[in-house]
Amino acid sequence: VQLVESGGGLVQAGGSLRLSCAASGRIKSINTMGWYRQAPGKQRELVAEITTGDSIDYADSVKGRFTISRDNAKNTVYLQMNSLKPEDTAVYYCKAVVVPYGAYSDNYWGQGTQVTVSS
């Protein structure tokens, strides 16, 4: 199972970016999918996550600015980020709880994509 992220980059404060994360491999099912971020010198933190039933949770710092969504047919999760702030600068990681064929459920992570917001 592989998770591949895309969509990071450099943007000015107030701008927008859309991150995508596609899961591939011998996937039987995917449960919760989510986005985490890690800024230099800080711990990795949850940004947003979405369950198979479309129950969604956001970090307080991004509520009203970020929107998470998923396309189950494509095994893909998205993060639309609007009104970006310099403090959103971090490496963003995708995580998925995947049930592979012939194996138990496990957490899988993407390689990370850099988001840099300039002031």
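In the predicted model, a disulfide joins Cys21 to Cys94, with an S to S distance of 2.1 Å. A search of the whole structure returned one disulfide. The bond connects distant parts of the chain: Cys21 belongs to strand β3 (residues 17–24) and Cys94 to strand β9 (residues 90–100), the two positions being 73 residues apart. The torsion about the S-S bond of Cys21 and Cys94 is about -80°, so the disulfide is left-handed. Cys21 is buried, its relative accessible area being 0%. For Cys94 the relative accessible area is likewise given as 0%, and this residue is buried.

The strands that carry the two cysteines also contribute to the nonpolar interior. The largest nonpolar core comprises 30 residues, and those with the most contacts inside it are Trp35, Leu79, Met81 and Tyr92. At least two residues of this core are supplied by each of β3, β4 (27–38), β5 (45–50), β7, β8, β9 and β11 (113–118). The largest share, five residues, comes from β9. In soluble globular proteins, nonpolar side chains tend to be buried together.

The surroundings of one core residue, Met81, were examined further. When residues up to four places away in sequence are not counted, Met81 touches Gly15, Ser16, Leu17, Leu19, Arg65, Phe66, Tyr92 and Val115. Among these contacts is Tyr92, which is also one of the residues with the most contacts inside the core. Another partner of Met81 is Arg65, a residue that takes part in a salt bridge with Asp88.

A search for salt bridges across the whole structure found four. In one of them, the side chains of Asp88 and Arg65 meet at 2.8 Å, N to O. This pair links distant parts of the chain, with Asp88 in the loop between β8 (76–81) and β9, Arg65 in the loop between β6 (56–58) and β7 (66–71), and a separation of 23 residues. Asp88 and Arg65 are both buried. Through salt bridges that share partners, Arg37, Glu45, Arg65 and Asp88 are joined into one network.

Within this network, the side chains of Glu45 and Arg37 form a salt bridge with an N to O distance of 2.8 Å. The accessibility of the two partners was also computed. Arg37 is buried, with a relative accessible area of 6%, whereas Glu45 counts as partly exposed at 36% relative accessibility. Arg37 falls in the residue range of β4 (27–38), and Glu45 in that of β5 (45–50).

A further salt bridge is formed by the side chains of Asp60 and Lys63, at 3.0 Å, N to O. Asp60 is exposed, with a relative accessible area of 65%. Lys63 is partly exposed, its relative accessible area being 49%; the upper limit for that class is 50%.

The loop between β9 and β10 (106–109) contains Gly102. Gly102 is exposed, with a relative accessible area of 90%. Gly102 and Arg26 are 76 residues apart in sequence, and their C-alpha atoms lie 8.9 Å apart in space.

Terms used:
Residues are numbered from 1 along each chain as its sequence is written. This is a predicted model: local features need pLDDT of at least 70, side-chain atom pairs count only at pLDDT 80 or more; totals for chains, interfaces and linings use all residues. Side-chain values use heavy atoms; hydrogens and water are left out. A disulfide is a pair of cysteine sulfur atoms within 2.5 Å. Helices (H or I, at least four residues) and strands (E, at least two) are DSSP runs, numbered from the N terminus. Buried means under 20% relative accessible area, exposed over 50%, partly exposed in between (1.4 Å probe, protein chains only). A nonpolar core is a set of buried Ala, Val, Leu, Ile, Met, Phe, Trp, Tyr and Cys residues joined through side-chain atoms within 4.5 Å. Contact means heavy atoms within 4.5 Å.
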